[in-house]
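The following paragraphs offer a guided reading of a protein model for those who have not met it before. Please keep the sequence and the three-dimensional view at hand while reading.

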Amino acid sequence: MKTTLPNVNKIVRRWVVVDAQDQVLGRLASRITLLLRGKHRVDFTPFLDTGDFVVVINARKVKVTGQKLLQKRYRRYSGYPGGLKEQTLEQLLRRHPERVIEHAVKGMMPDGPLGRRMLGKLKVYPDAQHPHQAQKPEAVTLLS
């Protein structure tokens with residue numbers, strides 16, 4: 001029996017809109033990762049990019065459980081002495097709410113060039129407006 005592989009150039013990618021309002025951050029990120037990787041499709045192949053484009057709206061209204069708003073910290077380092085910057089989840093949600101979801105999804109994606117290419121299909125917006133109406137995205141409800 002032969003194994004058939006999908007032709008990456010002929011894969012029809014859907015555009016999907018996910019509303020993050022009142023969704024728990026980790027569960028939302030894991031479901032977005034499934035859509036980006038293409039694990040919901042019958043032609044899923046681990047080493048090929050078969051996933052869909054995902055547009056996340058209302059990133060500002062995502063929920064977190066427990067004390068994560070104050071205890072979870074995001075760090076970045078510029079490479080210079082004294083260049084370590086640190087902020088809490090609450091501060092990051094106030095300033096750049098889209099980065100919170102991008103960071104959570106990035107941690108669940110595979111490492112390397114394939115994961116980076118899949119992550120390029122993720123579009124996150126803090127409010128309900130997004131510029132992808134021309135692609136006619138379909139709304140998907142994720143159970144919380």
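**The sheet and its surroundings**

In this structure, an open sheet is built from four strands that pair in parallel, in the order S5-S2-S1-S6. S5 and S6 are the edge strands, each of them pairing on one side only. From one strand to the next, the twist averages 25°. The model is a predicted one, and the description below should be read accordingly.

Within the sheet, S2 and S5 are joined in the parallel sense over three bridges. Here valine 56 stands opposite valine 124 of S5.

Two helices may now be placed against these strands. Helix H1, residues 25-37, lies across S1 (15-19), S2 and S5, and runs at about 155° to S2. Helix H4, residues 97-106, lies across S2 and S5, and its angle to S5 is about 155°.

The interior comes next. The largest nonpolar core comprises 27 residues, and those with the most contacts inside it are Leu28, Ile32, Val54, Val56, Ile101, Val105 and Leu122. Two or more residues of this core come from each of S1, H1, S2, helix H3 (89-95), H4, helix H5 (113-119) and S5. The greatest contribution is that of H1, with six residues. Another core, of five residues, lies apart from this one and includes Val17, Val55, Ile57 and Tyr125.

Which residues does valine 56 contact, leaving aside its neighbours within four places in sequence? Valine 56 is in contact with Val18, Ala20, Ile32, Ile101, Leu122, Lys123, Val124 and Tyr125. Among these partners is Val124, the residue that stands opposite valine 56 in S5.

Beyond the four-stranded sheet, attention may turn to a hairpin. Strand S3 (residues 73-77) pairs with strand S4 (residues 84-88) in the antiparallel sense, over five bridges. One of the bridge partners in S4 is threonine 88, which is matched with arginine 73. Six residues separate S3 from S4 in this hairpin, and glycine 79 in the turn has a positive phi of about 100°.

Positive phi values also occur at two residues that are not glycine. Asparagine 58 has a positive phi of about 60°, and its place is in the loop between strand S2 (53-57) and helix H2 (68-71). Lysine 136 has a positive phi near 55°, and this residue lies in the loop between strand S5 (122-124) and strand S6 (138-140).

Is each of these two loop residues buried or exposed? Asparagine 58 has a relative accessible area of 6% and is therefore buried, the cut-off for that class being under 20%. Lysine 136 has a relative accessibility of 69%, so it counts as exposed, a term that applies over 50%.

The last feature to consider is a pocket. Rolling a probe the size of a water molecule over the atoms shows where empty space is left. In this model, the largest pocket holds about 200 Å³ of space. Its lining consists of Tyr74, Arg75, Arg76, Gln87, Leu92, Arg99, Glu102 and His103. At least two of the lining residues are supplied by S3, and at least two by H4. The pocket thus leads the reader back to elements already met: S3 pairs with S4 in the hairpin, and H4 lies across S2 and S5.

Technical notes. Residues are numbered from 1 along each chain as its sequence is written. This is a predicted model: local features need pLDDT of at least 70, side-chain atom pairs count only at pLDDT 80 or more; totals for chains, interfaces and linings use all residues. Side-chain values use heavy atoms; hydrogens and water are left out. Two strands pair if DSSP finds at least two bridges between them. Buried means under 20% relative accessible area, exposed over 50%, partly exposed in between (1.4 Å probe, protein chains only). Axes are lines fitted to C-alpha atoms, for helices over the stretch in contact, and angles run from 0 to 180 degrees between N-to-C directions. Contact means heavy atoms within 4.5 Å. A nonpolar core is a set of buried Ala, Val, Leu, Ile, Met, Phe, Trp, Tyr and Cys residues joined through side-chain atoms within 4.5 Å. On a 1 Å grid over the protein atoms alone, a cavity is a set of points where a 1.4 Å probe fits but cannot get out, and a pocket is an open set with protein on both sides within 12 Å along at least five of seven lines; lining residues have an atom within 4 Å of a point. Grid points are joined across faces, edges and corners, and a volume is the space filled by probe spheres set on the points.
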